[in-house]
Structure formats: C-alpha cells, structure tokens
Amino acid sequence: MSNQLVLWGAGTSRTIRAHWAMHELGLEYERRPIQARSGETKTPEYTRLNPRQKVPLLQDGDFVIGESAAIVAYLSQTYST
C-alpha cells in the first residue's frame, strides 16, 4: 500500500464517492475508516489535519484536501493518464 495517499472517512455517500474515484484510477492508498458524527473526527490528530472535522479527507503527502467533489477533481487531474 502507498504511504503517500491516505483517505479518511467511511459510511457516507460522500466518502464512497472518493473511494470509488480512487478505485477507478487504480490507486493504492491507506484507508482510515472514521465515521462522521461519531466523535472520531474530533480527535487531536484529525482536527490538526481538518479543523472543520468533516469527512472525507484526502492526504497526498503534505497536501490535504476535503470535500468529495474537490477530492475527485484533484485525483482526476493529478492521477489520470
């Protein structure tokens, strides 16, 4: 698995959108299946990455992006051939 790409979030249609895009692009990535509105988004580690405490969130090295549509657009622009 890649240490570079990490996708946080599971269990919502918005997170599925991001996972689906990564699958369609054939990307290897680490999954962090935290749930929205469960308290898992309020940890100090996650809040440092995403002060809005929302899922999904994509880490690509030092770059971090939230919002599923923005994640899909970023992945398409960055990783499609």
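In which loop is the place of Arg37? In this predicted model, Arg37 is placed in the loop that runs between strand E2 (30-35) and H2, and its backbone has a positive phi of about 55 degrees although the residue is not a glycine. Because its relative accessibility is 82%, and the threshold for exposure is over 50%, Arg37 counts as exposed. A positive phi in a residue other than glycine is also found at Glu67, where the angle is near 70 degrees. Glu67 belongs to the loop between strand E4 (63-66) and H3, and with a relative accessibility of 44% it counts as partly exposed, since the value falls between the limits of 20% and 50%.

The loops just described are set within a protein chain that contains three helices and four strands, and the order of these elements, read from the N terminus, is β-α-β-α-β-β-α. For the 81 residues of the protein chain, a compact globule would be expected to have a radius of gyration near 12 Å, and the value of 12 Å computed for the chain therefore agrees with that expectation. Along the principal axes, the C-alpha atoms occupy a box of roughly 35 × 25 × 20 Å. When contacts with a sequence separation of 6 or more are considered, 53% of them join residues that are 24 or more positions apart. Of the 81 residues, 35% count as buried, while the chain exposes about 5,100 Å², of which carbon and sulfur atoms supply 50%. As regards charge, there are 9 positive and 8 negative side chains in the protein chain, and the centres of these two sets are separated by 11 Å.

Turning to the interior, the largest nonpolar core consists of twelve residues, namely Leu5, Leu7, Ala18, Ala21, Met22, Leu27, Tyr29, Leu58, Ile65, Ile71, Tyr74 and Leu75. At least two residues of this core are supplied by each of strand E1 (5-10), helix H1 (13-24) and helix H3 (68-79). For Leu75, a member of this core, the contacts beyond four places in sequence are with Ala18, Ala21, Met22, Leu25, Leu27, Leu58 and Ser80. A second core, separate from the one containing Leu75, is made up of six residues, among them Val6, Trp8, Tyr46 and Leu57.

Strand E1 also holds Ala10, a residue that counts as buried because its relative accessibility of 17% is under the 20% limit. Leaving aside residues up to four places away in sequence, Ala10 touches Thr15, Pro33, Ile34 and Gln35. With respect to the last of these partners, the C-alpha atoms of Ala10 and Gln35 are 5.7 Å apart in space, although the two residues are separated by 25 positions in sequence.

A further backbone feature concerns the peptide bond from Val55 to Pro56, which is cis, with an omega near 0 degrees. Pro56 itself is located in the loop that connects helix H2 (44-49) and strand E3 (57-60).

Terms used. Residues numbered from 1 in each chain as written. Predicted model: local features only at pLDDT ≥ 70, side-chain atom pairs only at ≥ 80, totals over all residues. Heavy atoms only, no water. Rg over C-alpha atoms; globule rule 2.2 N^0.38 Å. Buried < 20%, exposed > 50% of the residue type's maximum accessible area, 1.4 Å probe, protein only. Contact = heavy atoms within 4.5 Å. Areas by Shrake-Rupley, 256 points an atom, 1.4 Å probe, with all protein chains shown as cover. Lys, Arg positive; Asp, Glu negative; His and termini not counted. Charge placed at Lys NZ, Arg CZ, Asp CG, Glu CD. Core = buried A, V, L, I, M, F, W, Y, C linked by side-chain atoms within 4.5 Å.
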